[in-house]
Amino acid sequence: MSSNSLPYLENAARHYAIQAVLNDREGNYGEAIKNYRNAIEVLNKIIQLYPDNPLNTIYKDWIKQYHKRIKDLESLRTSLLPATGSRSSESDDEDLEEFILKEKPKVTFEDVADLEHVKQAFFESIIYPTKRPDLFPLGWPRGILLFGPPGCGKTYVAAAVANEVDGYFIHVDAASIMSKWLGEAEKRVAKIFSKARDLAAASKKPVIIFIDEVDSLLSSFNAEVGGETRVRNQFLKEMDGLQDKDKTYFVYVIAATNKPWKLDDAFIRRFQKRIYIPLPNKEARLQLIKLYTKKLSLSPDVDFSRLADALDGYTASDIKDIVMTAHLRTVRELFARGSHDGVPRPITMEDFMEVLKERKPSVNKELIKVFESWDAKFKAI
Ligand SMILES: Nc1ncnc2c1ncn2[C@@H]1O[C@H](COP(=O)(O)OP(=O)(O)O)[C@@H](O)[C@H]1O
Ligand SMILES: [Mg+2]
């Protein structure tokens, strides 16, 4: 497919827009802005190259909405952004503000299909001990590692925790720490933990440090030999500090990774809970289908159970994408008829099956086997 063909561009725009909305919901505003901008760029290209495309009126409307959201997000961030250029140590504290979520993500546990074992683990390690520390004389887990194939809800469920827990949530993207603060990444790690301890002590509320793509903390960037070892050691030291018998403050680390095998034993041991987030099973797929079609109109021939079977092997994120694409078929028809009002026809089983023909699962079976054996060896629930 040519990279200027309409279907290609529409796909690209949809991809960026979905990503942007996800980042936005998860409180990852920097990425959200980037993806909204990409979506706008592609949509503008479509309008320019295909002036007669019936969907252009919708696209113009989307562009307007994305511009507006970018503006909102930017104003939310400006006061929190680190100063560019040279960094004086005085500005360090402001830099850190960038990571602390000021606006709660919109995701709640209700939006998260299945993953009951994960929600339970959060209750037992964060919510109960914070409310009743006296019930946990032996202490409680401070480190929770979520691992599994991409697109199955690690970042998503962590965002829901931020919403459900009355406290602070520090969202750290490990890859950006390593690249952005090249040469002083370990200082950055130390600062984040010390900021978390201060916040927890001052507020008496739980403070959760969420480190997404945590494996990046251990990967080397060739510009800086040995940098990753220093970061790793600093991180281990900070994690040990959290285990202090002091029960008066509540700092937790939730880490997520798609590549748990990149973590070494010492690193893994610091996480008392290690939880596998697998591909959705049939029950979970049913829940996901229901969740994503809740606001759409479906033809009576759509058989949820058969659809859930057909979606075996797909990730949660694939399933969302498939439902959106099936819906887009009906919207496209509506506009192709030249009508700009009315409602699209209901989505049929055939729509889903047509979409599935074109869309393979984003994770292959071999990779799943690797996750399962890692789980068998390292799981700790
Ligand atoms: N359990 C789930 N329930 C509902 N939606 C989910 C679930 N898991 C994933 N999703 C959807 O897929 C998207 C990608 O999931 P994400 O959490 O980013 O995956 P990862 O495991 O790679 O961090 C989410 O933003 C959400 O829309
Ligand atoms: Mg993720």
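Biologist: Which domains supply the shell around ligand 1 in this model?

Modeller: The model is predicted. Domain 2 (89-279 + 370-378) and domain 3 (280-361) each give at least three residues to that shell.

Biologist: How many residues surround ligand 1, and which are the closest?

Modeller: The shell has 18 residues; the closest are G153, K154, T155, Y156 and A316. Elements giving two or more residues are α6 (154-164), α11 (282-293) and α13 (316-336). By class, eleven are nonpolar, four polar and three charged.

Biologist: What makes α11 oblique to α13?

Modeller: Their axes cross at roughly 40° and come within 10 Å. Angles under 35 degrees would count as roughly parallel, and 65 to 115 as roughly perpendicular. Roughly 40° fits neither range, so α11 is oblique to α13.

Biologist: Which residues make that contact, and in which hand do the helices cross?

Modeller: The crossing of α11 past α13 is right-handed. R285, L288, I289, Y292 and T293 of α11 meet A316, I319, K320 and V323 of α13. Six of these residues are nonpolar, one is polar and two are charged.

Biologist: Why are α1 and α2 called roughly antiparallel?

Modeller: The axes of α1 (residues 6-25) and α2 (residues 29-49) cross at roughly 160°. Over 145 counts as roughly antiparallel, so the term applies to α1 and α2.

Biologist: What is the class make-up of the contact of α1 with α2?

Modeller: The contact includes L6, L9 and Y16 of α1, and V42, L43 and I46 of α2. By class, it has 13 nonpolar, four polar and four charged residues. α1 passes α2 in a left-handed crossing.

Definitions and conventions:
Residues are numbered from 1 along each chain as its sequence is written. Chains are lettered from A and ligands numbered from 1 in the order in which they are written. This is a predicted model: local features need pLDDT of at least 70, side-chain atom pairs count only at pLDDT 80 or more; totals for chains, interfaces and linings use all residues. A residue is near a molecule or strand if its C-beta atom, placed from the backbone, lies within 6 Å of it. Helices (H or I, at least four residues) and strands (E, at least two) are DSSP runs, numbered from the N terminus. Ala, Val, Leu, Ile, Met, Phe, Trp, Tyr, Cys and Pro count as nonpolar, Asp, Glu, Lys and Arg as charged, and the others, Gly among them, as polar. Domain bounds come from an automatic or database domain assignment. Axes are lines fitted to C-alpha atoms, for helices over the stretch in contact, and angles run from 0 to 180 degrees between N-to-C directions. A crossing is left-handed if the near helix is turned anticlockwise from the far one by less than a right angle, and right-handed if clockwise. Two residues are in contact if their C-beta atoms, placed from the backbone, lie within 7 Å.
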